[in-house]
Amino acid sequence: MKQLKIFSVPYLVWMLVFILVPLIMVAYFAFRTADGEWTIQNISEVGQYANIFVRSIWLALIATVICLVVAYPLAYALSRMEKHKQSTMLLIVMLPMWMNFLLRTYAWMTLLGNNGIINNLLGMIGLGPYKLINTSGAVVLGMVYNYLPFMILPLYSVMEKIDKSVIEAASDLGCNSKKVITRVVVPLSLPGITSGITMVFVPAISTFIISRMLGGGSNLLIGDLIEMQFLGNSYNPHLGAAISLVLMVIILLIMTIMNQFSPDDQVLI
Amino acid sequence: MTVTKKNLLSWLLCMVMLVTGLTGCSDSDEAEEGEEDIEVQTLTIEDEDYYTRFKGDDIEINVYNWGEYICIGEEEGTLDILTEFEELTGIKVNYTTFATNEELYAKLKGGGVSYDVIIPSDYMISKMIKEGMVQKINMDNIPNYKYIMEDFRNLEYDPRNEYSVPYTWGTVGIIYDTTVIDLAPEEIDWDILWNEDYADQILMFDNPRDAFAIAEIMLGYSINTEDEKELEEAAELLKEQKKVVQAYVMDEIFDKMGASDALIAPYYAGDALMIMEENEDLGFVVPKSGTNLFVDAMCIPSSSKQKEAAEMFINFMCEPDIAHANIDYICYSTPHSAAYEMLDEEVRNDPVSYPSDEVKANMTVFVNLSDEASKTMQDLWTQMKSAEDETTSRWVMPVFLVACLLAVVIILIRRHIKNKKDIF
């Protein structure tokens, strides 16, 4: 056991230097003024952006739910396929991720635009034009599109491990197909669901480029707000750090609640 | 199975290489064919000795400029300025770009970087002078300063012209789609950006300073106002505009106006000309009620370790041939008298690039706002942008947080009890 610990040293050093120290710096910045005095004013100022927090959480939540609803049946079907088909299908799922993130989002801009491809096609059959881009719907779409593979993969890897014989046994013992899903597959795939939700929800809540490109600048999210404090017009890293800190606390709270739904031995945080 | 998949992959790779190889070839073919009728820019330097001082010293300078703001020989026959400079002086140039003045400021302020030449805009220069972030330039090392027009010397942001050498200037105006908006240019003023007939077809600046300037001009205030009440009124006006605005954008204006995704947008004159080359239906007008005249100028940050080499670069940028090649590529207006003379007659008489003195009289240069005023503006801007039509109650967030906290506490207590039970 002791020897095994040595193997984790590289990562522990990495974590110390690039995760722990920056986290402490964020916290330090959040409680300092520009003149170098201790203050809680930054934190209290975050309060005025409550509506941006609400919107971010809400949009990220919708995106996560859509991802789950789309990914779950797919992952189940995928895990029940023949082995060689599985790898091909997985390749197709992963394919969009090979393309640059910005490019993928940029493509949606030209698709959804007022003179974009979708509106042009609709125009040909006498519909529209509809306002597709610069809406919160477009932002959610961008989130779902970009983060869907992060939901599919953990779900698939958990479901793949569900032994076929378990499902067969359930059917043998009198479960109909609906009950097999609700009483066998879903409980067994719970760890996949929770980690999938984490992997979609956390990046979705803090994204900024998606809302900028697809939301038209009027659907401000927390990510945009933080970016504005560091690189944008309002240069105020102290407030930016405070917002990040509050965001981290909120995510932590939400994740703790989430983890209640997974078995005790697989708690994530 | 794995073998066939590998085969497929290698085939795909081959295809990709083949296609890129082919297009690469055809590109160079085209270039050769087109060479004859392209005007080739040449470079003549008056005082070559000046530039050879550092030859062989292995000096590097870091230049930080706006995106697409220098001629690097992309079009056939144009000069590749950075290479020319490196060949002439033996100084290596590390060239990087930024998108906003604020990004530049944040980078410099954050430390950890060292730039030798930066090109901020007027108000940012005055801010940096005030904060000691840029150093005085030794004008004796920049003989080509003599070419800078009188109009662009000693402007408000750098009253004695000790810190900056003007690079380009321009105005802010309105780009509009002439096929839909059937108005004479004289009839168009800033209020068109509030016109409900064009709802959802209007783009707006995604930076507070430019956006507030438009509102302030409409209200008849100075674009450098620091009065809180005036700023609030301007914010109110911008809030009113929000319902007709399609999107708040900066560089995306290129795509959106180029593809006719929007009808009206305020933007910088030089960029507008570039967009108009792409989309001929577009027109540009500088509103008569006044606008902002901006100057981008070259400065040397205080942290620069190669001041003399930086000055050499600035002087090189002011060589008539270089300044002309740049302005020809950027499409902004030049403060450089010799480069101006070298421009085509048509460009020199273009009221978009070089407005008459009469129009110019109505223009104001930005100066840096006080910290309080810019914070007020910033807060008002964020409020304006994050305000929703149906205002979410300010209780939602606290209630949500308290609920989360309660849930966590309950969970922890439950676990605690459970653990205790397990022990017994």
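**Close-ups of a predicted two-chain model**

**View 1. A serine in a loop of chain B.** Let's start with B:Ser260, which is found in the loop of chain B that runs between α8 (253–258) and β8 (264–268). This is a predicted model, so keep that in mind for every view here. The backbone of B:Ser260 has a phi near 55 degrees, which is a positive value in a residue other than glycine. Most residues other than glycine have a negative phi. Is B:Ser260 buried or exposed? Neither quite fits: B:Ser260 is partly exposed, because 17 other C-beta atoms lie within 10 Å, and a residue needs 20 or more to be buried.

**View 2. An aspartate with a positive phi.** Now look at B:Asp200, in the loop between β5 (165–177) and β6 (202–205) of chain B. This residue is not a glycine, yet its phi is positive, at about 70 degrees. How many other C-beta atoms lie within 10 Å of B:Asp200? There are 16 of them, so B:Asp200 is partly exposed.

**View 3. An open sheet in chain B.** Here you can pick out an open sheet of 3 strands with parallel pairing, in the order β2-β1-β3 of chain B. Which strands sit at the edges? They are β2 (92–98) and β3 (117–118) of chain B, each of which pairs on one side only. Follow β1 (residues 60–66) of chain B and you'll see it running parallel to β2(B), with 7 bridges joining the two. If you'd like a pair of residues to look for, try B:Asn65, which stands opposite B:Thr97 in β2(B).

**View 4. Chain B as a whole.** Step back from the details for a moment. Chain B has 16 helices and 12 strands in its secondary structure. Of its 424 residues, 40% count as buried. Take the contacts in chain B between residues at least 6 apart in sequence: 78% of these join residues at least 24 apart.

**View 5. Where chains A and B touch.** The last view shows the contact, which takes 27 residues from chain A and 32 residues from chain B. Which elements of chain A each supply at least two residues to the side that touches chain B? They are α4 (50–79) and α13 (237–259) of chain A. Of the elements of chain A, α4(A) gives the most to this side, with 5 residues. The residues on the side of chain A that touches chain B are a mix: 12 are nonpolar, 14 polar and 1 charged.

Note on methods
Residues are numbered from 1 along each chain as its sequence is written. Chains are lettered from A and ligands numbered from 1 in the order in which they are written. This is a predicted model: local features need pLDDT of at least 70, side-chain atom pairs count only at pLDDT 80 or more; totals for chains, interfaces and linings use all residues. Two residues are in contact if their C-beta atoms, placed from the backbone, lie within 7 Å. Helices (H or I, at least four residues) and strands (E, at least two) are DSSP runs, numbered from the N terminus. Ala, Val, Leu, Ile, Met, Phe, Trp, Tyr, Cys and Pro count as nonpolar, Asp, Glu, Lys and Arg as charged, and the others, Gly among them, as polar. A residue is buried if 20 or more other C-beta atoms lie within 10 Å of its own, exposed if 12 or fewer, and partly exposed in between; C-beta atoms are placed from the backbone. Two strands pair if DSSP finds at least two bridges between them.
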